[in-house]
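Trainee: I'd like to learn how to read a structure feature by feature. Could you walk me through one?

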Amino acid sequence: MDKLPVVLDLTGTFVFALSGALAGTKRGLDLFGVMVLSFAAGNSGGITRDLLIGAVPPGAVGDWRYLGVSLVAGLVTFYFSPVIVRMSNAVLYLDAAGLALFAVTGSSKALSFGLNPVMATVLGMVTGIGGGMVRDVLLAEIPTVLRADLYAVAALAAAAVVVIGHVLQLPVAAVTTVALISCFLLRVMAIRRGWRLPVAKGAKRQDLGIQKEDSKAAGRR
């Protein structure tokens, strides 16, 4: 059980690094760019968490395994991108799994450093969404967490399960399993059924107006 957080953390790092590298290949980045995105997506959430709780140097910097896992994911994606692109649905599910893994390890590590339950839950969520946010910012896109179907909410749910289990002193393995499954299922159901948080009505109308203006500009060209 002592090795479980590290195993989960490395697995989550690989999954998110894979998604970051895939995003880079889709945007036509070179090998170095793909490697950068792979590392950023796989480790930014964990680095942010470690800096906030005072765990320095962060695990992604002090442990070579995090860099190694990120580079392997980047190389695999770069050289086999056609195969991985065809597995786009599988990648979405892998991303959901990575979100669950990071949310669980983030909240667990925050609790081990003595943070209160509320902040441990928040840090679990931050660990889960941090890598994806940095990936999207580097690609000049609106972060997925701000527009996707129940992305941050799923991470928050997993972190909350871990914290509640810790407070009630429930078995770690059982709590971890429930947290992982709850986050993964919530994210997958949101993808399949289009569940999402409410969007402002004015924002929808503004988006339609922008699209019309873009269409007119394209016609004048």
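Mentor: Gladly, and let's start with burial. Of the 221 residues in the protein chain, 42% are buried. Keep in mind as we go that this is a predicted model.

Trainee: How many helices and strands does the protein chain have?

Mentor: The count is 10 helices and zero strands. Read from the N terminus on, the order of elements is α-α-α-α-α-α-α-α-α-α.

Trainee: Where is confidence highest and where is it lowest in the protein chain?

Mentor: Confidence is the predictor's own score for each residue, on a scale from 0 to 100. Here the chain averages a pLDDT of 84, and 88% of the residues score at least 70. Helix 8 (residues 151–167) has the highest mean, 94, while helix 10 (residues 201–220) has the lowest, 50. Over residues 210–221 the pLDDT falls below 50, and that stretch makes zero contacts in the model beyond near neighbours in sequence.

Trainee: What share of the contacts comes from residues 24 or more positions apart?

Mentor: Among contacts in the protein chain with a separation of 6 or more, 76% join residues 24 or more positions apart. L8 gives you a concrete case, and this residue is found in helix 1 (residues 4–26). Leaving aside residues up to four places away in sequence, L8 touches L101, V104, T105, T176 and L180. Take T105: 97 residues separate L8 from T105 in sequence, yet their C-alpha atoms are 6.8 Å apart in space.

Trainee: Is L8 buried or exposed?

Mentor: Compare its value with the cut-off: buried means under 20% relative accessible area. L8 has 12% relative accessibility, so L8 counts as buried.

Trainee: Now for charged side chains. How many salt bridges does the structure hold?

Mentor: The structure holds six salt bridges. One of them joins the side chains of D9 and R49, at 3.6 Å from N to O. D9 sits in helix 1 and R49 in helix 2 (residues 31–53), so this pair ties together parts 40 residues apart in sequence. Both D9 and R49 are buried.

Trainee: Which residues are linked with D9 in a network of salt bridges?

Mentor: D9, R49, D50 and K109 are linked in such a network. Follow it from R49, whose side chain also meets that of D50 in a salt bridge of 2.9 Å, N to O. D50 in turn meets K109 at 3.1 Å, N to O. Since D50 lies in helix 2 and K109 in helix 6, the D50 and K109 pair ties together parts that are 59 residues apart in sequence.

Trainee: And how do the accessibilities run along that network?

Mentor: R49 counts as buried at 2% relative accessibility, and D50 is buried with a relative accessible area of 1%. K109 has 25%, which makes K109 partly exposed.

Trainee: Let's turn to rings. How many aromatic pairs are there?

Mentor: The count comes to two aromatic pairs. In the pair of F16 and F102, the ring centres are 5.4 Å apart and the planes meet at 35°, a tilted arrangement. This pair links distant parts of the chain, with F16 in helix 1 and F102 in helix 6 (residues 88–112), 86 residues apart. F16 is buried at 1% relative accessibility, and F102 is buried too, with a relative accessible area of 3%. The pair of F78 and Y79 is edge-to-face, with 5.1 Å between centres and 85° between the planes.

Trainee: Are F78 and Y79 buried or exposed?

Mentor: F78 is partly exposed, at a relative accessible area of 27%. Y79 counts as exposed, at 55% relative accessibility.

Trainee: Last one, the surface. Which residues make the nonpolar surface patch?

Mentor: For the surface as a whole, the protein chain exposes about 11,900 Å², with carbon and sulfur atoms supplying 68% of it. The nonpolar patch covers about 770 Å² and is made by F14, L31, V72, L75, V76, Y79, F80, V83 and M87. Helix 4 (residues 64–79) gives the most to the patch, with four residues. V72 is in helix 4, and this residue is partly exposed, with a relative accessible area of 45%.

Terms used:
Residues numbered from 1 in each chain as written. Predicted model: local features only at pLDDT ≥ 70, side-chain atom pairs only at ≥ 80, totals over all residues. Heavy atoms only, no water. Helix = DSSP H or I, 4+ residues; strand = E, 2+ residues; numbered from the N terminus. Buried < 20%, exposed > 50% of the residue type's maximum accessible area, 1.4 Å probe, protein only. Contact = heavy atoms within 4.5 Å. Patch = residues over 30% accessible without salt bridge, like charges linked within 9 Å, V, L, I, M, F, W, Y side chains within 5 Å. Areas by Shrake-Rupley, 256 points an atom, 1.4 Å probe, with all protein chains shown as cover. Salt bridge = Lys/Arg side-chain N within 4 Å of Asp/Glu carboxyl O. Phe/Tyr/Trp six-rings, centres within 6.5 Å; stacked < 30°, edge-to-face > 60°.
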